[in-house]
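User: Could you take a close look at one part of this protein for me, the open sheet and its surroundings, and then set it in the context of the whole chain? I work with computed models, so please give the cut-offs as you go.

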Amino acid sequence: MASLGLGSALCPTKPLLCSPCVLGFPRNLQTKQQINTQFSGAIACCSGSSSELMTGAAAVSTENSPERHRTSFGLKNLTETFWVDVHRAEGRPLNVRLLEPLNIASSRLEEVENVAIRVELSNGCVGWGEVPVLPWLDWNQATALEKVREACEFLRQGPPVTLNLALDQISKIVPGTEFASVRTGLEMALIDAVANSIDVPLWRLFGGVSNTLLTAATIPTTSSAKAFDLAAKYCKLGFQTLKIKVSRDLNADIEVLQAVRAAHPHCSFILDVNEGYTSKEAVEVLEKLNEKGVTPVLFEQPVHRDDWKGLGDVSTIAREKYGISVAADESCRNLVDIQKLIEENPADVINIRLSKFGVLGTLKIVEMVKKSGLDLMIESEAETRLATGVAGHLAAGLGCFKYVNISAPLLLSEDPVVEGYEGTSA
């Protein structure tokens, strides 16, 4: 895996770019995209006290930073004591093409069409968030922009309130699971602005367990030749764990896995099926891989999201016969699903995405899962470095995720965010 190091300044939204080099981190961050007249110049994803997040293959330490000696402010305490007075709040399109089409939950995505959110408090501190617009949703970017506009107008016109109340108001404007990713972006921006106000990095607010994090990199569904090239690239960048998205063609999938192994002989890999197999096919794949000496460390969502029995059957065989853990991803759609996974144990790992549950919802789920003894995974998909930075701070601060894959920006044809945290290789 590659490693993330979170520096001493602040910015939950400081995005993630997996790179083998350690770079300096200026205090401001801007997107390359031009802005409409509602914005001044360009989108800046961090204000003056932005935190630094670095990725690569070796941990980055900030032991000599003054921030190491500061008091740790918990997010819960902050939500109850910090008063939010929003001066400006606005959203705009954030569009970037992918290097290769990406298959997500049986859908094909060729371009990221998200929404960037900027919140400025009356004290001048700015926060940024990102709304992922995912292909399986029943709404598009235009709908997301309208929802963001509605929420931003409410925040601008409202009186000063505690952060807790502001977040509660947002949850009422965009409740439930349907617009969870919109709520996620708004929560990111508000928490970012508040964290900037007190000059404390988000990894500390989320728990302060660590300022470093290891991440895998993703190889999308592709040909064996392209998979070989990507695996070789990631090997040079220092990634030791690769997440491979497979197709519905068993023989082609095995060829891809063999190509990845040839390009990166010593890598571990996560096999992401995205509901593509029946339980019988999933077991057959594990058998064939075992025959060829290729064993994944994690088998992700091997069957349809509603096939709970099949998920349990595959998990039992994978764990008992091959020592492989199985993760539930698409089967985790809401808190009811999470509770069912905890009670019935059809999988070993629960995969959490901020875009599905929001920042606050994710924190709640983490507490539920930690008590169950199941393992946790966090990842991002179809997001820029704006959103993946928040996931990085949260995962590092909590320190309880066994599997991490927040390398989504590597799949973009260009990086719409300049500066920020980059990485190291061992």
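Analyst: Happy to help; what follows starts with the conventions, goes to the sheet, and then moves out to other parts of the chain.

This is a predicted model, in which local features need pLDDT of at least 70 and side-chain atom pairs count only at pLDDT 80 or more, while totals for chains, interfaces and linings use all residues. Residues are numbered from 1 along each chain as its sequence is written, and side-chain values use heavy atoms, with hydrogens and water left out.

Now to the sheet. Eight strands form an open sheet in the order β11-β12-β13-β14-β15-β16-β17-β18, and their pairing is parallel. Strands here are DSSP runs of E with at least two residues, helices are runs of H or I with at least four, and both are numbered from the N terminus. Two strands count as paired if DSSP finds at least two bridges between them. At the edges stand β11 (217-219) and β18 (403-405); each has a single partner strand, so one side of each is left without a neighbour in the sheet. On average, neighbouring strands of this sheet are turned by 25° against each other, direction ignored. Angles run from 0 to 180 degrees between N-to-C directions, and axes are lines fitted to C-alpha atoms, for helices over the stretch in contact.

Helix α6 (residues 224-237) packs on this sheet, where it touches β11 and β12 (241-245), and its direction makes about 165° with that of β11. Contact means heavy atoms within 4.5 Å. Within the sheet, strands β15 (residues 325-328) and β16 (residues 349-352) pair in the parallel sense over two bridges. The bridge partner of A327 in β16 is V349. Ahead of β16 comes a loop that starts after α10 (335-344), and N345 is found in that loop. Its phi is near 55°, a positive value in a residue other than glycine. N345 counts as partly exposed at 44% relative accessibility; buried means under 20% relative accessible area, exposed over 50%, and partly exposed in between, with a 1.4 Å probe and protein chains only.

D199 makes a good companion to N345. D199 also has a positive phi, about 60°, although it is not a glycine. You will find D199 in the loop between α4 (180-198) and α5 (202-205), and at 24% relative accessibility D199 counts as partly exposed.

A little further along, F206 lies in the loop between α5 and β10 (212-215). F206 is buried, with a relative accessible area of 5%. Leaving out residues up to four places away in sequence, F206 touches L75, V359, L363, V390, H393, L394, G397 and L398. The C-alpha atoms of F206 and A396 are separated by 8.3 Å, with the two positions 190 residues apart along the chain.

Next, a strand pair outside that sheet. Strands β7 (residues 107-121) and β8 run antiparallel and are joined by six bridges. Two of the partners in β8 are V131, which bridges to V115, and W128, which bridges to R118. Four residues lie between the strands of this hairpin, and G124 takes a positive phi near 90° there. β7 is mostly covered, with eleven of its 15 residues buried. As for β8 (residues 126-131), six of its six residues are buried. In a regular strand the side chains alternate between the two faces of the sheet. Both faces of β8 are covered, with V126, W128 and E130 buried on one side and G127, G129 and V131 buried on the other.

After that hairpin come two helices worth a look. Helices α2 (residues 141-157) and α3 (residues 163-173) pack at about 145°, with their axes 10 Å apart. From α2, the residues making the contact are E150, A151, F154 and L155, and from α3 they are Q169, I170 and I173.

Finally, the whole chain. The protein has twelve helices and 19 strands. Of its 426 residues, 60% are buried. Among contacts between residues at least 6 apart in sequence, 79% join residues at least 24 apart. The accessible surface comes to about 15900 Å², and 49% of this belongs to carbon and sulfur atoms; accessible areas come from the Shrake-Rupley method with a 1.4 Å probe, and for residues only the protein chains shown count as cover.
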